[in-house]
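Reader: I have a model open and would like to go through some of its labels with you. Could you tell me what stands behind them?

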Amino acid sequence: MFKSKIIYIPFLSIIFLLIACSEDSEENDTVSPTLSCPEAMNVSVDTFSNGAVVTFTSPVGTDNIAGSVTTQTGGLASGKVFPIGTTTNTFTTRDAAGNTSTCSFNVIVTRKAPSEDLPYFVIENPTPVGKKWAKIENLSDEFNQTDGIDRTKWYTKPDIASAGWFWTGRPPGLFIEESITVADGKLKIEANKLPATKIINGKSYDYSGGIVRSINQCKVGYYYESKMKANKTFMSSTFWMMTEENACPKRLELDIQECVGELTPGADAWAVSGKFDQIFHSNAFHRTSCANTVETRKQGSVITDVKNWSEYMVYGFWWKSETELWFYLNGKLAYKITNPTTTFDLPMYYNLAVETYDWNPPHADGKGMEKFTKEERSTQYEWIRTWKLDDK
């Protein structure tokens, strides 16, 4: 019996010693685990998708002492549907002593760019059953010419009486052809200050812009869109259509988009509260003519997420019928103008203009252009595309 005790006591002592050493090593462990995440993942989806299923191998940390555990503490698990935009996935490894390491990586899901084979629609495709869209080439332009603007599609001279155009600008802004260029795959219309005041027909002009008009006609049923970035000045950036200026008996104007780059101290209160430097705004005008003495209109608008000059946006218009006018922003239906003050039943022409507005006058000191580069003073059109519906 006595010999048995002599045998067991040393054995128990060794066990207690091992336990104590283990506890001491955990209490003294100050080394954090090692954990590394993969690089950012970029996924592209079609324009009608809201997200994408994304799979990845979850990172697992290592430690100097066995027993560390890695868990996902932010983002979405592998195999889930990741929404459009950036999702940050975060992982944390914790060891037995409570030391931690964390890493993160982004999953970036983007929609594909607008196609040259289909109008830019996002999420919902409004194409009628049994129909398909066909591009109208003489009303479309990618502006990738190396020899200037396509003269078979566009006028750049403000006053062309034979084509029904007489407007040369609203004082103090004068339309000049020199403001209009095609370069770097873009149509650009520059806003600027004239070197000296010009007096034309008794009117004073101190600023220059430009106007581009289509040679061919826009018609009911077509879809119209442009990828456009506004200039940064107090002058306008526009994408619209109109009948000839002296049209009779009815004269129509349809503004798809009109905005300004900055609101000046003299801007009307309604323009300031309406954020006309951060807006998608449309008008359906019944202008005065030989048979109409009172101008009327209906309009629609939404505030954009960012200033109009900060990035390219796709402005679209479906002339669905004579009384149904649908407006799209970046591929999504933004609003409708239905039952305008007259039927929109006449062919019109594209107008792209940089002009001045009396409701957003120039800076009183005559300054305001000097702080902007030529690029910032220019309204830029990356493309204009026009579509019609055909049978499949």
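Reader: Is Asn231 buried or exposed, and what makes you say so?

Author: Happy to help, and please keep in mind that this is a predicted model. Asn231 has a relative accessible area of 0%, and buried means under 20%, so Asn231 is called buried. Asn231 sits in the loop between β14 (223-229) and β15.

Reader: Which residues does Asn231 touch, leaving out those up to four places away in sequence?

Author: The list is Ser236, Ser237, Gly261, Trp309, Val354, Glu376, Arg377, Ser378 and Thr379.

Reader: What makes the pair of Asn231 and Thr233 a polar contact?

Author: Their side chains come to 2.8 Å, and the limit for a pair of N or O atoms is 3.5 Å. The value of 2.8 Å is within that limit, so the pair counts as a polar contact.

Reader: Why is Asn339 called exposed?

Author: The relative accessibility of Asn339 is 57%, and exposed means over 50%, so the label fits. Asn339 also has a positive phi, about 50 degrees, although it is not a glycine. Its place is in the loop between β21 (332-338) and β22 (348-354).

Reader: And Phe143: buried or exposed?

Author: Phe143 has a relative accessible area of 0%; with the cut-off for buried at under 20%, Phe143 is therefore buried. Phi of Phe143 is near 55 degrees, a positive value in a residue other than glycine. You will find Phe143 in the loop between β7 (131-135) and β8.

Reader: Which omega value goes with the cis peptide bond from Cys248 to Pro249?

Author: Omega is near 15 degrees there, and Pro249 lies in the loop between β15 (236-242) and β16 (251-260). The bond from Pro171 to Pro172 is cis too, with omega near 10 degrees. Pro172 belongs to the loop between β8 (154-155) and β9 (173-175).

Reader: What is the strand order in the open sheet of four strands?

Author: The order is β1-β6-β5-β3, with mixed pairing.

Reader: Why do β1 and β3 count as edges of that sheet?

Author: β1 (41-45) and β3 (69-74) each have a single partner strand, so one side of each is left without a neighbour in the sheet. From one strand to the next, the twist averages 25 degrees.

Reader: How do you know that β3 and β5 pair?

Author: Pairing takes at least two bridges, and β3 and β5 (residues 85-94) have five, in the antiparallel sense. Thr71 stands opposite Thr92 in β5.

Conventions. Residues are numbered from 1 along each chain as its sequence is written. This is a predicted model: local features need pLDDT of at least 70, side-chain atom pairs count only at pLDDT 80 or more; totals for chains, interfaces and linings use all residues. Side-chain values use heavy atoms; hydrogens and water are left out. Helices (H or I, at least four residues) and strands (E, at least two) are DSSP runs, numbered from the N terminus. Buried means under 20% relative accessible area, exposed over 50%, partly exposed in between (1.4 Å probe, protein chains only). A polar contact is a pair of N or O atoms within 3.5 Å; within protein, one must be able to donate a hydrogen and the other to accept it, and residues adjacent in sequence count only if both atoms are side-chain atoms. Contact means heavy atoms within 4.5 Å. Axes are lines fitted to C-alpha atoms, for helices over the stretch in contact, and angles run from 0 to 180 degrees between N-to-C directions.
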